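This note is intended for a colleague who meets the structure for the first time. The points below concern charge pairs, the contact between chains and the main pocket.

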There are 2 protein chains.
Amino acid sequence: MARLTSAGVRSPEVGDVNARDQLLLAASELMTERGVADVSLSDIAKKSGLSSALVKYYFGSKAGLMMALLRMVLDPAMKQLDHLAHIPQPADTKLRIHISGMVNVYFQYPYVNRVMHQLLVDEPQTYGPLIAQEISKPVANAQKSILDEGYAAGIFRKVDPLLFYFEIVGACDQLFFGRYQLEHVFGLTTLDKQLKDRFVDHLCGTILDGIYLRK
Amino acid sequence: MARLTSAGVRSPEVGDVNARDQLLLAASELMTERGVADVSLSDIAKKSGLSSALVKYYFGSKAGLMMALLRMVLDPAMKQLDHLAHIPQPADTKLRIHISGMVNVYFQYPYVNRVMHQLLVDEPQTYGPLIAQEISKPVANAQKSILDEGYAAGIFRKVDPLLFYFEIVGACDQLFFGRYQLEHVFGLTTLDKQLKDRFVDHLCGTILDGIYLRK
């Protein structure tokens, strides 16, 4: 399982930035190691070697830290998604790039969907609008644009974008969330880049064949 | 969101069975209401009107209660899956029945995959083999049989059953796990039978088209 390493964090320029990123890194590593979407402030403090009071100082609360972590780890994927809207490629190529991008995020940060869910359960008033605006809506809108483009070009049949959104988010995510099942059911203890790449190929094949217009 | 009601629990014949089922029902209702896969013993006791000591008496531990709950709510689906192996229907019809059955389980009990995951994280030695043997392997094996049948009959192309397993478990589950996103991103506050049925139709269409052999 790939993990966020210090190389994956923006390099600190001042001590303040460093401590903030160390806390995010510690939370990310703990959740990846344990396969959970919730870790205690004291565990984050212990792992980072910093005081848990710094979480309050930098993020206001543990939920604030989790939202900051989502922003950090999803930032490259959100930029790629925005870029995807403007490249001159057919819709099926764009969808392949999008699926591959989503799987890569879940491969590196398998807790992402669980953390979003937990924030929405715990503090829906605060994080519902933020997560929708910054993460989920841009993803859903990008998918809808790709589906519309493909339909207009006669490549895809008409597909409900809402149902498609949940189908492919779940399809891309489950292997990484379910890696304990991978071990106990299929006897695979490592989820390496090779298996991840096979999964991307499999998903691109079945998802695209699932929506191509048959003439 | 559909919920387990007292009508969904086997009717008690003696006082002992009744109290046991009341605890399972309380846990199921709390997890469905809250959108989580973990509830405290004191909350289960309060909801059921029974003493939390009864959890230890009937189930040994909270994990034991969760495993018993999985067995209870998945029992009809596991029986259907076993039946599916023996009916004289083509592979694509069997796969439609299986997909519809999975979605119906997640519609009624949206916590199922999270509870399995939590048991595997918390007590892998105990629940890894049990969950694999009683739940995940029968599902994975049934899917593999259907894929093999469809391939042999020239209906399906060759598909990796491991990758297919994670793809469709995730695809079928995400709408119900992600119902807070449904609300905040798509503005839908109810996940009713009509939407569930549309989701089944959508999934059967895309998943089957995704693996049909093109001649």
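1. A salt bridge is counted here where a side-chain nitrogen of Lys or Arg lies within 4 Å of a carboxyl oxygen of Asp or Glu. By this rule, 26 salt bridges are found over all chains. The reader should bear in mind that the model is predicted.

2. One of these pairs joins A:Glu33 and A:Lys47, whose closest N and O atoms are 2.7 Å apart. A:Glu33 belongs to helix H1 of chain A and A:Lys47 to helix H2 (residues 41-48) of chain A, so the salt bridge ties together parts that are 14 residues apart in sequence.

3. How many residues does each chain bring to the contact between chain B and chain A? Chain A contributes 51 residues, and chain B contributes 51 residues. The size of an interface is often expressed as the accessible area that is lost when the parts come together. Between chain B and chain A, the buried area is about 4,500 Å², and carbon and sulfur atoms give 69% of that area. On the side of chain B, the three residues B:Leu163, B:Phe166 and B:Glu167 supply 15% of the area that this chain buries against chain A, more than any other three residues.

4. Polar and charged pairs also cross the interface of chain B and chain A. Four salt bridges are found there. The side chains of A:Asp209 and B:Arg157 meet in a salt bridge, at 3.6 Å from N to O. Between the two chains, 14 residue pairs are in polar contact, with both residues at pLDDT 80 or more.

5. Several helices of chain B each supply at least two residues of the side that touches chain A: H6, H7 (124-152), H8 (161-177), H9 (179-186) and H10 (193-211). Helix H8 of chain B gives the most, with 12 residues. By class, this side of chain B has 28 nonpolar, 14 polar and nine charged residues.

6. The largest pocket has a volume of about 640 Å³. Of its 29 lining residues, A:Val36, A:Ala37, A:Asp38, A:Arg114 and A:Gln118 are the closest to its centre. Two or more lining residues come from each of H1 (15-34), H4 (62-84), H6 (112-122) and H8 (161-177) of chain A, and from H6 (112-122) of chain B. Helix H6 of chain A gives the most to this lining, with six residues. The lining comprises 14 nonpolar, seven polar and eight charged residues.

Notes. Residues numbered from 1 in each chain as written. Chains lettered and ligands numbered in written order. Predicted model: local features only at pLDDT ≥ 70, side-chain atom pairs only at ≥ 80, totals over all residues. Heavy atoms only, no water. 1 Å grid on protein atoms, 1.4 Å probe; cavity = no way out; pocket = protein on both sides within 12 Å on 5 of 7 lines; lining within 4 Å. Points joined across faces, edges and corners; volume = space filled by probe spheres on them. Helix = DSSP H or I, 4+ residues; strand = E, 2+ residues; numbered from the N terminus. Nonpolar A, V, L, I, M, F, W, Y, C, P; charged D, E, K, R; others polar. Contact = heavy atoms within 4.5 Å. Buried area = accessible area lost by both parts, 1.4 Å probe. Polar contact = N/O pair within 3.5 Å; in protein donor to acceptor, adjacent residues only side chain to side chain.
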